[in-house]
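Dear colleague,

I am passing on the structure we spoke about, with my notes set out underneath. Please read them alongside the coordinates.

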Amino acid sequence: DAGVATATGATAAMASAGGDPGVDKASPDLQYMVRELLVGETDDADFARALSHGIVDRDHFLQLRWNSQFGTVWIDGQHTNFHVELGDEILCSAHAIPLRIFYRHDRH
């Protein structure tokens, strides 16, 4: 189980999971945190834990490999999802089109 968020997306969830709540809200970078580490007996648990959270800047991407038979990746809560299967790779990048928000003038 992993979480990936922009500075203004899922901030509370990332902070409560131990992420950095002080990320600049204007930053296009992605913050990630692996919530359930799968570490084998011969793996270096401290090394894996150190890599289990961090920041992905615009020059890099985060690559995830799906290790369950079937599943669903949810994006933006329950609004968008993709079905994945064993071995599928998911690339997370900060190279997204900037979000534009438009307000109606007659809104109160």
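Among contacts in the protein chain between residues at least 6 apart in sequence, what percentage join residues at least 24 apart? The share is 45%, and I should say at once that this comes from a predicted model.

As for the overall layout, the protein chain contains 2 helices and 7 strands, which are arranged along the sequence in the pattern β-α-β-α-β-β-β-β-β. The chain has 108 residues, of which 19% count as buried, while its accessible surface comes to about 8,800 Å², with 54% of that belonging to carbon and sulfur atoms.

Turning to the interior, the largest nonpolar core is made up of 9 residues, namely Leu-30, Tyr-32, Val-56, Leu-62, Val-73, Val-84, Ile-90, Cys-92 and Ala-94. At least two residues of this core are supplied by strand 2 (30–34), and at least two likewise by strand 7 (89–93). In soluble globular proteins, nonpolar side chains tend to be buried together.

One residue of strand 7 that I looked at separately is Glu-89, which counts as exposed because its relative accessibility is 53%, where the cut-off for that class is over 50%. Leaving aside residues up to four places away in sequence, Glu-89 touches Gln-63 and Leu-64, and with the side chain of Gln-63 the side chain of Glu-89 makes a polar contact at 2.7 Å. Although Glu-89 and Arg-65 lie 24 residues apart along the chain, their C-alpha atoms are separated by 4.5 Å.

With best wishes

Note on methods:
Residues numbered from 1 in each chain as written. Predicted model: local features only at pLDDT ≥ 70, side-chain atom pairs only at ≥ 80, totals over all residues. Heavy atoms only, no water. Core = buried A, V, L, I, M, F, W, Y, C linked by side-chain atoms within 4.5 Å. Buried < 20%, exposed > 50% of the residue type's maximum accessible area, 1.4 Å probe, protein only. Helix = DSSP H or I, 4+ residues; strand = E, 2+ residues; numbered from the N terminus. Contact = heavy atoms within 4.5 Å. Areas by Shrake-Rupley, 256 points an atom, 1.4 Å probe, with all protein chains shown as cover. Polar contact = N/O pair within 3.5 Å; in protein donor to acceptor, adjacent residues only side chain to side chain.
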